[in-house]
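User: Please take a close look at a single part of this model and follow its connections into the rest of the chain. I would like one connected account, with the cut-off behind each term.

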Amino acid sequence: MKREKTSGFYCPIFIKLSSIFLLFVILPLAFTSSYIHQTSLNAFRNEQINSDTHILQMMSQHVEYRLEEMNDAQKNLYNNLALMEHFHSNPDSFTLLELAQIEAELHKYILEQPFTNSIHLFLNNGQTISTAKTRLYTFIRQYRSLFASQDHSNVLDQYPGGECYWFPSFTMKDINFNKQVIQQNFSVGRIFKNTTNKLEPIGYLVQNIDVNFFNNCFSNLTDDPSLQFLITDSRGNIIWSPNENWTAMPLQQVVPESRENSLSDSQIYKIDGVDYYATKKTSDYNSWIYYMLTPQSNLESKIAPLKLFSMIIILVCIAVFVLGTFSFYQLVTKPIKRLVVYMHAIEPTDDISAVPYPLKHSANDEIGILYKSFTEMQQRIRLLLKQKTRFHEQKLNQELLTLHAQINPHFLYNTLDAINWMAVSLNAENICRMIQALSKIMRYSIGKKYQSVTFKDELEILKDYVYIQQCRFNHAFDVEYQIDDCILPRPIDRLIIQPFLENAINHGINNLKRHGIIVLLMEDQGSCILITVKDNGCGMTQEKISNILSGKTDSIGIYNINQFLQLKYGPEYGIKISSIPGQETSVEILYPKMGNLSID
């Protein structure tokens, strides 16, 4: 008995069960572990944000308090009578002596300010008065140019009431005694007014403050060296950072991932190869933004025990998965596979009692029950095979009679319909010829003298049938005959080819808008005869072809012919259909080649 191949992809049971375990146990655990990890990380992050925000709140309050002290101290210049006396007459130009006296008053002021490096008074008359605590006048000249190039005066003009404005940090360098001196400042400026003359604007007063002011404010801020702090203005310029290289730089240059001159609480930023979380606090006093940058590793270290526990759980599940899969394979899958091999090795007609039980362990389990059921099934199969052989010939005759009974009435009905149409539309000669052709076909189909006829007889009847159908369809198609003469005397069962011509005409070309072509090909292929019926009609889908060959359609003529050929001559013969929807259909009939018949 031939072993039939199972359709689809073969997958052992233990792989299926392993996949189920993997899908419903391992993967959910992995996802749960990942979810717990992320949830814990978010929880610690929220806790850290609250703590960092509190620290930043304290930082901003302390800085703002100190800045407000500087602002109040600068306002006290309005109370300096010696200074204001010089502006009483509001001259167009000050003499060198007057400029020196004003500079002296300003120098007294900056000596009282611990972190003030220089102060500048840009007068409306074009004169500039500057003084510095360190007397490095190179820095004074640099800042005069910086003030003009940065258009600080335009910014201060937006505060006509004399309110202060805090400018971002800047860096100045100078060579002094063959050494490079670097000074980093941030500034506070305002429109300076004359209190002795109706508060008329005198010019712009700018005070440069050393950024070490912030180091003094935050000297005892934290003991964690991994934390980073930043203060930026609203435009993303860094006012201060413990890292001196960052001060007075744009935020995007230090943190390339920053967007809109600010950092987000939820995003991770890479700075110098280290991943940081950013917590920020925006000041209501001067719109500065205070940042605390915490390394991501600080949070990861807090949840490391939980992460380790999750990994241990997953590894234990994987170990159980591997051990369970191996045990199931050894105890269940492997014996079943041996039993399956044994089943396929036995033919249905073998004597099972003579074959030893193939499994080494005892049969007191489900596999033993399966083996016993298999032996009983073998006995039933042997009995059914005998019954099948007995009724095989009866089935062949019944199939042939069913085929003839289906074809004849259907064809007769269509032919009479065509004659009725011809009687109305055509002359009597054509009707006469159609009737003669019909008579020959009827005598041929119901004759019982021979069980088999020759290809020549079948071809003549086919031509008569084609003539009737051409008259019926007003010659909407032509039939081309390509016949090997050597096969004409060979025998063929009656009415094997006619149903395929009928299908080609009725279903392939009937509704065709172009002229139909049907090709009937009979050729000798050595051990068999190939009959091909091909048309250029509307075609059909592969699903419809499968339904036709399996008898799942209302018309079972082709299915019956295919069954008849395979039952009578063997499974190597039968029908093959191929089609291209909208273009063509081709039916191939593989028929056995038998000896010639004597032709009367």
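Analyst: L495 lies in the loop between strand 13 and helix 13, where helices (H or I, at least four residues) and strands (E, at least two) are DSSP runs numbered from the N terminus. The model is predicted, so local features need pLDDT of at least 70 and side-chain atom pairs count only at pLDDT 80 or more, while totals for chains, interfaces and linings use all residues. Residues are numbered from 1 along each chain as its sequence is written, and side-chain values use heavy atoms, with hydrogens and water left out.

The backbone of L495 has a phi near 60 degrees, a positive value in a residue other than glycine. With a relative accessibility of 4%, L495 counts as buried; buried means under 20% relative accessible area, exposed over 50%, and partly exposed in between, with a 1.4 Å probe and protein chains only.

The loop that holds L495 also takes part in a charged pair. D493 forms a salt bridge with K568, and their closest N and O atoms are 2.9 Å apart; a salt bridge here is a side-chain nitrogen of Lys or Arg within 4 Å of a carboxyl oxygen of Asp or Glu. This pair joins distant parts of the chain, since D493 is in the loop between strand 13 (491-492) and helix 13 (498-509), whereas K568 is in helix 15 (residues 557-569), 75 residues apart. The two partners differ in exposure: D493 is buried at 1% relative accessibility, whereas K568 is partly exposed at 35%. Side chains of opposite charge can pair when their charged atoms come close.

By this rule there are 5 salt bridges, and two others are worth setting beside the one in the loop. K593 and D524 meet through their side chains at 3.2 Å, N to O, and this pair too links distant parts of the chain, with K593 in the segment after strand 17 (584-592) and D524 in strand 14 (residues 516-524), 69 residues apart. Here K593 is partly exposed at 28% relative accessible area, and D524 is also partly exposed, at 26%. The other pair is D275 with K270, at 2.9 Å from N to O; D275 has a relative accessible area of 27%, which makes it partly exposed, and K270 is partly exposed at 42%.

A positive phi occurs elsewhere as well. N474 has a phi near 60 degrees and is not a glycine. Its place is in the loop between helix 12 and strand 12 (477-483), just after helix 12. Unlike the buried L495, N474 is exposed, with a relative accessible area of 58%.

Helix 12 (residues 455-472) itself has 18 residues, which at 1.5 Å a residue should span 26 Å, and the 25 Å between its end C-alpha atoms agrees with this; the expected span is 1.5 Å times one less than the number of residues. Of these 18 residues 13 are buried, so helix 12 is largely enclosed by the rest of the structure.

The packing of the interior brings these elements together. In the largest nonpolar core, which has 51 residues, I518, M522 and I531 touch the most other members, and helix 12 gives the most to this core, with 9 residues. Such a core is a set of buried Ala, Val, Leu, Ile, Met, Phe, Trp, Tyr and Cys residues joined through side-chain atoms within 4.5 Å. Apart from this core lies another of 24 residues, among them L56, M70, F115 and C164. Leaving out residues up to four places away in sequence, I518 touches several residues, including L501, A504, I505 and I509, as well as F477, V479 and V533, where contact means heavy atoms within 4.5 Å. In soluble globular proteins, nonpolar side chains tend to be buried together.

For the chain as a whole, there are 15 helices and 17 strands, and 42% of the 600 residues count as buried. Among contacts with a separation of 6 or more, 64% are between residues 24 or more positions apart.
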